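Hello,

Here is the structure I promised to pass on to you. Please have a look at it first, and then read my notes below.

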Amino acid sequence: MNITQLIDNKKRHIDLLLLADEQESMIDRYLERGDIFVLDDNGVKAICVVTDEGDGVCELKNIAVTPESQRQGYGKRLINYLVTHYSGKYTRMIVGTGDVPSTVNFYKSCKFEYSHRIKNFFTDNYDHLMIEDGVLLKDMIYLKREI
Ligand SMILES: CC(C)(COP(=O)(O)OP(=O)(O)OC[C@H]1O[C@@H](n2cnc3c(N)ncnc32)[C@H](O)[C@@H]1OP(=O)(O)O)[C@@H](O)C(=O)NCCC(=O)NCCS
């Protein structure tokens, strides 16, 4: 297994990025300024994008594991890699997500804790209703982890 940073052709794995953020115009808001990492284990299994938010804070903007490879530890391994890679450069990593138990549980299992919420983020910024695991997304929940 190896994790590498993607330097050019940042849209190469757009299908995977769309798994975590289904509206491409929203991905375009952070992709160019973001660092992209790809986890390969006999083929690409996971991807993520991290941005610099200033004041020692970085933000995990997108993380996605291919459907057939989920719940095998790839997501957690990618986050552990990011924490090692960025500690020293940043002091905190934040992530925003829908208020859905499956993803919130994932981040909590990766040592993130609740930070704050942005009311109506999904209903205000996306051009269609977003439903994840049967839940209509409305507010964005922010979680944080000191790194
Ligand atoms: C969310 C996602 C990145 C998690 O990656 P993953 O590789 O499947 O997760 P891991 O195997 O590393 O899981 C680590 C732990 O997180 C928790 N977890 C992960 N997925 C979970 C789920 N669907 N429901 C409940 N807990 C979950 C579990 O505690 C898990 O440990 P366990 O399998 O030993 O019980 C992945 O499911 C995914 O790509 N989903 C679609 C895109 C997405 O929603 N991205 C996040 C957008 S904010």
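A good place to start is just after helix α3, where G88 takes a positive phi of about 105°. Helices (H or I, at least four residues) and strands (E, at least two) are DSSP runs, numbered from the N terminus.

Before going further, please keep in mind that this is a predicted model, in which local features need pLDDT of at least 70, side-chain atom pairs count only at pLDDT 80 or more, and totals for chains, interfaces and linings use all residues. Residues are numbered from 1 along each chain as its sequence is written, and side-chain values use heavy atoms, with hydrogens and water left out.

Back to α3, which has 13 residues (74-86). The expected span of a helix is 1.5 Å times one less than its number of residues, so α3 should span 18 Å, and its end C-alpha atoms are indeed 18 Å apart. Its buried residues (under 20% relative accessible area, with a 1.4 Å probe and protein chains only) are Y74, G75, L78, I79, L82, V83 and Y86. In an α-helix there are 3.6 residues a turn, so residues three or four places apart point the same way.

Now to the ligand. Around the ligand there are 20 residues (each with a heavy atom within 4 Å), and I63, V65, R71, G73 and G75 come nearest. Three polar contacts (pairs of N or O atoms within 3.5 Å) are worth a look:

- A polar side-chain atom of Q70 is 3.5 Å from a nitrogen atom of the ligand.
- A backbone N or O atom of K76 lies 2.9 Å from an oxygen atom of the ligand.
- An N or O atom in the side chain of S109 is 3.0 Å from an oxygen atom of the ligand.

Two or more residues of the shell around the ligand come from each of α1 (14-20), β4 (57-65), α3 and α4 (101-109). The most come from α4, which gives six.

Finally, two loop residues. Most residues other than glycine have a negative phi. N42, in the loop between β2 (35-40) and β3 (44-52), has a positive phi near 55°. With a relative accessible area of 79%, N42 is exposed (over 50%). K111, in the loop between α4 and β6 (113-118), also is not a glycine and has a positive phi, of about 70°. K111 counts as exposed at 61% relative accessibility.

Best wishes

Methods:
Polar contact = N/O pair within 3.5 Å; in protein donor to acceptor, adjacent residues only side chain to side chain.
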